[in-house]
Amino acid sequence: MTLSIDLAILFLCIGVTYPGVTGIFMDKLASKKLCADEECVYTISLARAEDDYNAPDCRFINIKKGQLIYVYSKLVKEREAGEFWAGSVYGEEYEDQMGTVGYFPSSLVSEQHVYQEANKTIPTTAIDFFCE
């Protein structure tokens, strides 16, 4: 209950501060994620896309075969759900997409370099699946 109130206050403040900000909370893909740190801001690894992926909705990012992707978190797979990681594309030729963080299937990438182990299990929140 307190978390719901805190989130409502947060988004009310965002709306007052940035009146043009609108969005929608999407369904959660998982209830937990693996991260390199408690805030989930440090890069876990660098991965290369092995195939193209077209994002089905705003929670996901489009990736092209050969693109490099910084991985920030790995959702903990639940039931029959797919395994998704969160990251952003990297490279000068993808400048228009750089900085956009979203989910993609882990099966479509291969890790090229691991910077830090993803050994912190953190609950996901509604904001993890918020779409503008």
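## Overall build

The protein has one helix and nine strands. The model is predicted. Read from the N terminus, the order is α-β-β-β-β-β-β-β-β-β, with the helix ahead of the strands.

The protein holds 132 residues, and 37% of them are buried. Contacts with a separation of 6 or more were also sorted by distance along the chain. Of these, 66% join residues 24 or more positions apart. The exposed area is about 8200 Å². Carbon and sulfur atoms supply 53% of that area.

## Strand β4 and its partners

Strand β4 spans residues 68-75. Seven of its eight residues are buried, so the strand counts as mostly covered. In a regular strand, side chains alternate between the two faces of the sheet.

Which strands pair with β4? One is β2, residues 32-35, which runs antiparallel to β4 over two bridges. Here K33 has L75 of β4 as its bridge partner. Another is β3, also antiparallel to β4, with four bridges. In that pairing, L46 is matched with Y70 of β4. A further partner is β5, antiparallel to β4 over six bridges. There S73 faces A86 of β5 as its bridge partner.

## Aromatic pairs

How many aromatic pairs does a search of the whole structure find? There are three. In the pair of Y53 and F60, the ring centres are 6.3 Å apart and the planes meet at 65°. That angle is over 60 degrees, so the pair is edge-to-face. Both Y53 and F60 are buried.

F60 also pairs with F84. This contact is edge-to-face too, with 5.4 Å between the centres and 65° between the planes. It links distant parts of the chain. F60 lies in the loop between β3 (45-49) and β4, while F84 belongs to strand β5 (residues 84-90). The two residues are 24 apart in sequence. F84 is buried, as is F60. Through these ring pairs, Y53, F60 and F84 form a cluster.

## A charge over a ring

Where does the charged end of K74 sit? It is over the ring of W85. The distance to the ring centre is 4.3 Å.

## I61 in the β3-β4 loop

I61 is found in the loop between β3 and β4. Is I61 buried or exposed? Its relative accessible area is 6%. The cut-off for buried is under 20%, so I61 is buried.

What does I61 touch, beyond residues up to four places away in sequence? The list includes Y53 and A55. It also includes G87, S88 and V89. T100, V101, G102, Y103 and F104 complete it. Between I61 and P105 the C-alpha to C-alpha distance is 10.0 Å. In sequence, these two residues are 44 apart.

## D128 and K33

D128 is found in the loop between β8 (120-123) and β9 (130-131). Its side chain joins that of K33 through a polar contact of 2.9 Å. K33 is the residue whose bridge partner in β4 is L75.

Which residues are in contact with D128, leaving aside neighbours within four places in sequence? They are K33, Y103 and P123. Y103 is also among the residues touched by I61.

Key. Residues are numbered from 1 along each chain as its sequence is written. This is a predicted model: local features need pLDDT of at least 70, side-chain atom pairs count only at pLDDT 80 or more; totals for chains, interfaces and linings use all residues. Side-chain values use heavy atoms; hydrogens and water are left out. Buried means under 20% relative accessible area, exposed over 50%, partly exposed in between (1.4 Å probe, protein chains only). Contact means heavy atoms within 4.5 Å. Accessible areas come from the Shrake-Rupley method with a 1.4 Å probe; for residues, only the protein chains shown count as cover. Rings of Phe, Tyr and Trp (its six-membered ring) pair if their centres lie within 6.5 Å; planes under 30 degrees apart count as stacked, over 60 as edge-to-face and the rest as tilted. A charge sits over a ring if NZ of Lys or CZ of Arg is within 6 Å of the ring centre and within 35 degrees of the ring normal. A polar contact is a pair of N or O atoms within 3.5 Å; within protein, one must be able to donate a hydrogen and the other to accept it, and residues adjacent in sequence count only if both atoms are side-chain atoms. Two strands pair if DSSP finds at least two bridges between them.
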